Amino acid sequence: MDLNFQARLTVAICASVAVGVIPILLSFTLAQRQGRQIEEDRLLSYARNVLFRSERATQQLYAGIDRLARARHGDPCAPAQIALMSEIDLSSQDIQTMGYIEAGRLLCSSMGLHGAGLPISTGTPVTRGTDGSTLYTRARLPIAPDITFIIVARNGYAAVMHEAITLDIGPSPDHVSMATYSPGSKTFRSQRGTIKPAWAEHPLIGGQTTFDDGAHLVALVASQRFPTVTLAATPLSEVHQSSRQVAKFLVPFGVAAGLALGLLAFLMARRQMGMPALLRAALKRGELFLLYQPIMDLQSGRCIGAEALIRWRQPDGTIVPPDVFIPVAEKSGLIQRVTERVLEIVAADAGSLFAMHPGFHVSVNLAAADLKSHRTVELLAQLMHKTGAKAHNILVEATERGLMDADEVRQVIDAIHALGIEVAVDDFGTGYSSLSYLETFALDYLKIDKSFVDTLATGAATSQVAVHIIEMAKALKLRMIAEGVETEDQARLLKERGVQFAQGWLFARPMPMAALLSHIA
Ligand code: C2E
Ligand code: CA
Ligand code: CA
């Protein structure tokens with residue numbers, strides 16, 4: 001194991017771990033957010049529930065007070081008024097009793113007259129500016145000294161309610177605190193559990209909000225009908241508890257996904273890293289083989305040649321496609337050995353092919369490095385010698401990228417031409433190169449890439465590119481081979497435009513030499 005390999009292995013491991021950690025972190029973050037969301041929703045629903053009760057109570061108590069005020073003729077505690085008071089409490093869910101207050105004393109109520117009046121003990125009663133009503137919070141009456149009431153009075157008439165009535169929303173956990181707040185007078189009308197006054201002053205946008213102050217999560221809801229805000233709060237420890245609950249469910253998935261992803265990343269990296277060594281072994285062990293894809297003459301419909309396409313069968317039987325290992329071979333300096341191998345296999349496969357079909361040709365793909373090396377010319381000459389092939393039995397395909405290094409490549413192409421072998425430009429239009437070099441090389445064929453053939457029959461604006469390429473090839477007197485022809489429509493359009501040759505699944509897929517021989521027999 002060389003040092004460089006070890007360094008790359010370390011990088012691969014670190015990268016795989018990093019990839020694997022992402023889903024795990026994600027599941028934690030998600031659990032945290034989800035836990036908080038659950039608690040926020042729960043608190044909002046408590047606060048809304050309190051608000052609903054508070055609005056109902058407010059509505060009832062003002063209706064009651066107004067009825068008494070309207071019915072009054074002189075004495076506020078006249079028998080008819082007292083009778084009306086008991087009728088109002090009996091018909092209300094929230095009101096304990098109605099009454100009449102003067103100078104802080106309840107002079108009469110639904111229960112009758114109270115002589116000199118029952119003193120209402122409370123903190124300072126708060127007068128509310130807008131409607132002239134007075135609010136007594138935490139009020140106590142001598143008839144029920146243990147109970148705290150809220151009393152609202154206007155024009156002397158008053159409604160008395162249990163303080164807890166609006167907070168009595170049914171079962172809710174002990175750690176949840178709730179309150180009803182009057183923003184005008186900045187007073188809490190009722191409250192349960194820990195309440196911090198600052199919470200009620202938190203900015204309220206759109207009628208409701210949730211926030212935390214570092215210790216509690218708080219939900220606020222404002223009434224649209226009355227100057228009332230209700231709130232519900234819970235210690236943040238409850239939120240964390242909720243998150244842990246979600247995490248218990250979510251994190252195992254995150255861990256599983258992380259492990260799978262990390263392993264996958266590692267296997268891919270290792271495979272990619274080990275590829276040159278594996279490829280070297282493959283060359284030695286003869287794991288490379290060729291398939292041949294028929295090339296058709298569009299006019300006659302006859303198969304006039306085939307492109308040799310390389311495959312790699314690994315010892316375990318998996319076939320590695322060339323898109324995967326050709327780039328590796330190019331990067332690791334193995335490509336020329338691969339090309340040499342391809343020409344050897346063609347020689348072995350061809351056997352009697354050229355003797356039986358003297359006009360037939362086999363195309364071989366050359367890489368950029370091959371086009372810079374005179375060794376390639378030697379190998380092609382050897383191929384002709386070994387198989388008895390004539391120059392026209394062989395065609396070489398040079399990619400646009402391979403043609404970039406003009407001067408060196410020109411010499412090699414000239415030498416190939418000197419053998420009598422013709423050259424096709426492959427993958428034309430898929431790289432960055434310009435037209436100019438096409439004119440400067442003596443080329444014979446242009447292969448129209450599958451990507452242009454694909455757009456042909458679509459009528460898309462891009463289909464014009466194929467048309468331009470065809471016109472340009474004609475102007476440069478290049479014969480054309482269209483690649484990746486899959487439909488009759490494409491074949492027809494290409495033929496109409498004057499393209500001579502084509503290959504593609506419409507005609508045949510790449511096949512072993514034996515199949516090719518029966519195909520063209
Ligand atoms: P390429 O030279 O452009 O080869 C054409 C590719 O298109 C081949 O893929 C072929 O199987 C595929 N093809 C042909 N007809 C159709 C069709 O109708 N539909 C579709 N979807 N595909 C079609 P393949 O064999 O996987 O080769 C991929 C690339 O690998 C080749 O592209 C070539 O650049 C490279 N390659 C293959 N063999 C060799 C080789 O021996 N030496 C070198 N240097 N490169 C090679
Ligand atoms: Ca090709
Ligand atoms: Ca191509």
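These are my notebook entries on two calcium sites, a ligand pocket and a few residues in a predicted model.

**Ground rules**

I number residues from 1 along each chain as its sequence is written, letter chains from A and number ligands from 1 in the order in which they are written. As the model is predicted, local features need pLDDT of at least 70, side-chain atom pairs count only at pLDDT 80 or more, and totals for chains, interfaces and linings use all residues, while side-chain values use heavy atoms, with hydrogens and water left out.

**Entry 1: calcium, ligand 2**

I looked up which residues coordinate the calcium ion (ligand 2). They are Glu307 (OE), Asn365 (OD1), Glu397 (OE) and Asp426 (OD), at 2.1 to 2.3 Å. Donors here are N, O and S atoms within 2.8 Å of the metal, or 3.2 Å for Na, K and Ca; water is not among the atoms, so sites may look incomplete. Along the chain I read the spacing E-x57-N-x31-E-x28-D. The pair Glu397 and Asp426 links distant parts of the chain: Glu397 is in strand S17 (residues 394-399), Asp426 is in strand S18 (residues 422-428), and they are 29 residues apart. Strands (E, at least two residues) and helices (H or I, at least four) are DSSP runs, numbered from the N terminus.

I also checked burial. Both Glu397 and Asp426 are buried. Buried means under 20% relative accessible area, exposed over 50%, and partly exposed in between, with a 1.4 Å probe and protein chains only.

**Entry 2: calcium, ligand 3**

Which residues hold the calcium ion (ligand 3)? I found Asp426 (OD), Asp427 (OD) and Glu483, which is listed with two OE donors, at 2.2 to 2.6 Å. Their spacing is D-D-x55-E. Asp426 turns up again: it bridges ligand 3 and ligand 2, the two calcium ions lying 4.5 Å apart. Asp426 lies in strand S18, and Glu483 lies in the loop between strand S20 (479-482) and helix H13 (488-496), so the pair ties together parts that are 57 residues apart in sequence.

Why does Asp426 count as buried? Its relative accessibility is 5%. Glu483 is buried too, at 13% relative accessible area.

**Entry 3: ligand 1**

I counted the surroundings next. There are 20 residues around ligand 1, and the closest are Gln293, Ile310, Arg311, Glu486 and Trp505. A residue is near a molecule if one of its heavy atoms lies within 4 Å of it.

I noted three short distances. A polar side-chain atom of Gln293 is 2.9 Å from a nitrogen atom of ligand 1. A polar side-chain atom of Arg311 is 2.9 Å from an oxygen atom of the ligand. For Trp505, a backbone N or O atom lies 2.7 Å from an oxygen atom of ligand 1. The elements giving two or more residues to the shell around ligand 1 are strand S14 (303-313), helix H5 (322-331) and S18. S14 gives the largest share, four residues.

**Entry 4: Gln503**

Where is Gln503? I found it in the loop between strand S21 (501-502) and helix H14 (513-520). Gln503 is buried, with a relative accessible area of 1%. Its side chain makes a polar contact of 3.0 Å with the side chain of Glu307. Another, of 2.6 Å, joins it to the side chain of Lys447. A polar contact is a pair of N or O atoms within 3.5 Å; within protein, one must be able to donate a hydrogen and the other to accept it, and residues adjacent in sequence count only if both atoms are side-chain atoms. Glu307 also coordinates the calcium ion (ligand 2).
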